[in-house]
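Reader: Hello! I work with structures on a computer, and I like to know what stands behind each descriptive word. Please take me through the reasoning as we go.

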Amino acid sequence: MSQTHDAIVIGAGPAGSSLALRLAQQGRSCLLLDGARFPRAKVCGEGLMPHGLHALAEVGLDAAARGEAFSGIRYRLGDGTVAEGRFPGGGQGVGLERSWLDTELLALAEASERIEVRLETWVREPRFAAAPDQLAEVQLPGGSARAPVLVGADGCRSPTRRAAGLEAPAPKRARFGVGAHFDHAPRSDPFVEVFLGQGYELYTTPVSPTRTNVALLTDEAYLRAALQGRLEAGLREAMRQSSGRGPLLAAAELVGKVRTIGPLAHQALRAHAEGLILVGDAAGALDPITGEGLSIGLATSAIAAEVLGGAFAANDFSARRLAAWTRRRRQAIRGLEAFTRALLFLSERPELAGRAIRNLAGAPETFSRLLGVAAGGSLSSLRLRDGLRLLAGV
């Protein structure tokens, strides 16, 4: 038996679920598919920036009431240097467990009369529309489903992207993530902390007064030398060698398992094709060094919904029409891409990175404007003097 929907969304993570909810708000019927069983454990920084929180509120989820609020980012160096930056305009982010976010977004989707949710349902070999008057089709247990537009929201290693021939070459520098939760005595601190270690960055994000998410980003060499075969011991050792929260958490109680993910930051040649768009990490994942992955997926889903709304109104799902999504997405993340490249450049040059952090320690206004760019703002908000302060400390 074949079913027809307005859209088929492959991937029920935050980007896919939030887009399905936005399309339902437009009156469109969606089939939301995912091969995983939820809730699922996944390595994630779990820090939602202000624009990510705003995007969640637009689809009906008040995440600020659940998580642990933070007002900025704190960078630490091994020599004791500390640089703190707050979000412009008094903005706040929230540390939030990914499993809760996934579950709540899915609950909203399942409660919608216009969204059919099917979990533990893998999509293999989707048939893409070859012409504007054709429908895309996926084979499901017991039949098939068709729609004028297919949405690939199936993550960094998106099978949908690969099947559509949109896979870009792998990044030259392979990067990996390691993450776990630790329980501890109640404490409150309105910052996400980032410690710049030798060959890695260590992130600590409080997700409640008694639980902190610890995420480590590194390359393959460090992963093999320090963590392979001893994930928990290696992560705790990196925590002990850090400063700030890390040493305090090194002896804390581990919740669940230490997990890995990677290689990270796979890209797409473009985020659209005939009758197809890619969203979230499937559209191209930036290196998670900025901690913006979740917020990007949520915020840009609003743009994807606008583009699809226009396509539905015109009854036109051609690649030419959907190219607006690729173009607008690139414009939306341009500032963050530049910020990410700068941070990766510094991460490969410890002495230069140390100098930049020491300069930011004396220039909180510059740090705040940089955070504004990372949180969805424009590069035009930066000033020439910000660059001089960052690089030269003047």
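Author: Gladly, starting with burial: a residue is buried under 20% relative accessible area, exposed over 50% and partly exposed in between, using a 1.4 Å probe and protein chains only. This is a predicted model, where local features need pLDDT of at least 70 and side-chain atom pairs count only at pLDDT 80 or more, while totals for chains, interfaces and linings use all residues. Residues are numbered from 1 along each chain as its sequence is written, and side-chain values use heavy atoms, leaving out hydrogens and water.

Reader: Then why is Tyr 200 called buried?

Author: Tyr 200 has a relative accessible area of 4%, which is under 20%, so the word applies. Tyr 222 comes to 16%, and that is also under the 20% limit, so Tyr 222 is buried too.

Reader: And what makes Asp 183 partly exposed?

Author: Its relative accessible area is 22%. That falls between 20% and 50%, so Asp 183 gets the middle label. Asp 183 belongs to strand 13; strands here are DSSP runs of E with at least two residues, helices are runs of H or I with at least four, and both are numbered from the N terminus.

Reader: Which residues does Asp 183 touch, leaving out those up to four places away in sequence?

Author: Thr 210, Arg 211, Ala 252, Glu 253 and Val 255, where contact means heavy atoms within 4.5 Å. Arg 211 is also the residue that stands opposite Asp 183 in strand 16.

Reader: How do you know that strand 13 and strand 16 pair?

Author: Two strands pair if DSSP finds at least two bridges between them. Strand 13 and strand 16 have 9, in the antiparallel sense, so the condition is met. Strand 15 also runs antiparallel to strand 16, with 8 bridges, and Leu 202 faces Leu 216 of strand 16. Strand 15 and strand 16 make a hairpin with 2 residues between them.

Reader: Why is strand 16 described as largely enclosed?

Author: Of its 9 residues, 7 are buried, so the rest of the structure encloses most of strand 16. For strand 6 (residues 72–76), 5 of 5 residues are buried. Gly 72, Arg 74 and Arg 76 point one way from strand 6, while Ile 73 and Tyr 75 point the other way.

Reader: Which strands does strand 6 pair with, and in which sense?

Author: Strand 6 is antiparallel to strand 7 over 5 bridges and parallel to strand 14 (residues 191–197), again over 5 bridges. Arg 76 shows both sides nicely: its bridge partner in strand 7 is Val 82, and in strand 14 Arg 76 stands opposite Phe 195.

Reader: What makes strand 7 and strand 17 the edges of their sheet?

Author: The open sheet has 7 strands in the order 7-6-14-15-16-13-17, with mixed pairing. Strand 7 and strand 17 each have a single partner strand, so one side of each lacks a neighbour in the sheet.

Reader: On to the rings. How many aromatic pairs are there, and why is the pair of Phe 70 and Phe 87 called tilted?

Author: The whole structure holds 4 aromatic pairs. The rings of Phe 70 and Phe 87 have centres 5.9 Å apart and planes at 45°. Rings of Phe, Tyr and Trp (its six-membered ring) pair if their centres lie within 6.5 Å; planes under 30 degrees apart are stacked, over 60 edge-to-face and the rest tilted. With 45° between those limits, the pair is therefore tilted. Tyr 200 and Tyr 222 are tilted as well, at 5.1 Å and 40°, and they link strand 15 to helix 5 across 22 residues. Phe 195, Tyr 200 and Tyr 222 form one aromatic cluster.

Reader: Why are helix 5 and helix 6 called roughly perpendicular?

Author: Helix 5 (residues 220–227) and helix 6 (residues 231–241) pack at about 105°, their axes 9 Å apart. Axes are lines fitted to C-alpha atoms, for helices over the stretch in contact, and angles run from 0 to 180 degrees between N-to-C directions. Under 35 degrees is roughly parallel, over 145 roughly antiparallel, 65 to 115 roughly perpendicular and the rest oblique. Helix 5 and helix 6 are therefore roughly perpendicular. At their contact, Tyr 222, Ala 226 and Leu 227 meet Leu 231, Gly 234, Leu 235 and Ala 238.
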